[in-house]
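Visitor: Could you take me through one part of this chain up close? I'd like to hear about the charged side chains and the helices that carry them.

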Amino acid sequence: MGIFSRLADIVNSNLNAILATAEDPQKMIRLVIQEMEDTLVEVRSQAVRTIAERKQLERRVRTMMHEEDEWHRKAGLAIERGRDDLAKAALAARHSVEQSREALEQQIAQISDGLDQQNDDISKLQAKIADAKSREKALSIRARTAQGRLKTREKLYDTRIDDTLNRFDQVKRALDELEGKAEAYDLGRRTDRPSLQEELAALETDAVVESEFETLKRRVAEKKMQADHSSATGSPE
């Protein structure tokens, strides 16, 4: 069953109202677009047929105008030959053709008005289709985004992930205990021989002490030399 019953329904439709009452807006708008496009094809086909019919009527009008001129010429000829009766008959025939022509011209005018209105409706329909496609694209983007967020949230709140992380923590704690047990065996088992780190630390300490000793020894010697020099050059009282 179609959403719209005629072109006027589409032109006057409110997409917001249609989507507001739809259980699946994205599916609904795809159906709306499909029906609009089908209607556009149908309306254009009708317009092509109507234009063809108008051209046929216009050709008939031109033919009838030629007939009117011909009856008028014949009426004049009859008057010239003194046949007033034939002249009146010719003029009556011309008048009949003229009335038929005017009726056809009215039909053509009505058809032209209808085509103008139809052209306006087609323009509005094309605008509706463009609007619907734009909305369908926006809905599609929103749907993909929402689905992506949903998957992300499902992973964030998945208890299996928490269980896996808890198991990692348990493994880490078990490894800490194993390493602690291994280190515990070394407690209280120190030997008299210092470790490599201790020997290196002792060397660094000896180097610092030796440096400070040499610096202090040099300063004492300098002070003594200064004192001896002062005594040797001093004047008697």
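Guide: Sure, let's begin with charge at the surface: Asp176, Glu177, Glu179 and Glu183 form a negative patch there. Of these, Asp176 sits in helix H5, which covers residues 159-184. Keep in mind that this is a predicted model. The protein chain has a mean pLDDT of 80, with 79% of its residues at 70 or more. Confidence isn't even along the chain, though: helix H1 (residues 7-11) is lowest with a mean of 64, while H3 is highest with 90. Where pLDDT is low, the predicted coordinates shouldn't be read in detail.

Now for charges that do pair up. Counting a side-chain nitrogen of Lys or Arg within 4 Å of a carboxyl oxygen of Asp or Glu, you get nine salt bridges. One of them joins Glu68 to Arg101, with the closest N and O atoms 2.3 Å apart. That pair ties together distant parts of the chain, since Glu68 belongs to helix H3 and Arg101 to helix H4 (residues 84-156), 33 residues apart.

H3 itself runs over residues 25-80, so that's 56 residues by the helix assignment. From first C-alpha to last, H3 reaches 81 Å, close to the 82 Å expected at 1.5 Å a residue. After H3 comes Gly82, with a positive phi near 80°.

Note on methods. Residues numbered from 1 in each chain as written. Heavy atoms only, no water. Patch = residues over 30% accessible without salt bridge, like charges linked within 9 Å, V, L, I, M, F, W, Y side chains within 5 Å. Areas by Shrake-Rupley, 256 points an atom, 1.4 Å probe, with all protein chains shown as cover. Lys, Arg positive; Asp, Glu negative; His and termini not counted. Charge placed at Lys NZ, Arg CZ, Asp CG, Glu CD. Helix = DSSP H or I, 4+ residues; strand = E, 2+ residues; numbered from the N terminus. Expected span 1.5 Å × (residues − 1). pLDDT = per-residue confidence, 0-100.
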